[in-house]
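Please look at the sequence and the 3D structure together before reading on, and keep both in view as you work through the points.

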Amino acid sequence: MIRYTGQVIDISVKEGDRVEKGDPLVILSAMKMEMTVSAPCSGLVKKIHINSAQKLEAGDLLIDIE
């Protein structure tokens, strides 16, 4: 489970992709700064809960990694 706040700029993975810990998953814009959300663990991208340009609230779930 990954949680952040801001607006989605880009999603770097697709459901079914294998990721390694530290791989970039999503680029967010928050407080006029861009930040990259990286994989907290290695695994398979099970579900992407966001869309490009979507505005996020605190606590929104971004991606499930199994």
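The briefing below goes through the sheets and then the nonpolar core.

This is a predicted model, so every statement here describes a prediction. Among its features are an open sheet of four strands, an open sheet of three strands and a largest nonpolar core of 15 residues.

**The four-stranded sheet**

- In general, strands of a sheet pair through backbone hydrogen bonds, and this pairing is either parallel or antiparallel.
- Read across the open sheet of four strands, the order is β4-β3-β1-β6, and the pairing is antiparallel.
- The edge strands of this sheet are β4 and β6, the latter covering residues 55–56, and each of them pairs on one side only.
- Strand β1, which covers residues 6–11, pairs with β3 through four bridges in the antiparallel sense, and I11 stands opposite V26 in β3.
- Six bridges connect β3 with strand β4, residues 33–38, again in the antiparallel sense, and I27 has T36 in β4 as its bridge partner.
- β3 and β4 also form a hairpin with two residues between them, and in the turn M31 has a positive phi of about 55 degrees.

**The three-stranded sheet**

- The order across the open sheet of three strands is β2-β5-β7, with antiparallel pairing.
- Its edge strands are β2, residues 18–19, and β7, each of which pairs on one side only.
- β2 and β5 run antiparallel and are joined by two bridges, and R18 stands opposite L44 in β5.

**The nonpolar core**

- As a general background, nonpolar side chains in soluble globular proteins tend to be buried together.
- In this model the largest nonpolar core has 15 residues, and those with the most contacts inside it are V13, V19, L25, V26, I50 and I63.
- Which elements give two or more residues to this core? They are β3 (24–30), β5 (43–48) and β7 (63–65), and β3 provides the largest share, which is three residues.
- Which residues does I50 touch, if those up to four places away in sequence are not counted? I50 touches V8, I11, V26, L56, L61 and L62.
- V26 therefore appears in two of the topics above, as it is listed among the residues with the most contacts inside the core and stands opposite I11 in the pairing with β3.

Conventions
Residues numbered from 1 in each chain as written. Predicted model: local features only at pLDDT ≥ 70, side-chain atom pairs only at ≥ 80, totals over all residues. Heavy atoms only, no water. Core = buried A, V, L, I, M, F, W, Y, C linked by side-chain atoms within 4.5 Å. Buried < 20%, exposed > 50% of the residue type's maximum accessible area, 1.4 Å probe, protein only. Contact = heavy atoms within 4.5 Å. Pairing = 2+ DSSP bridges.
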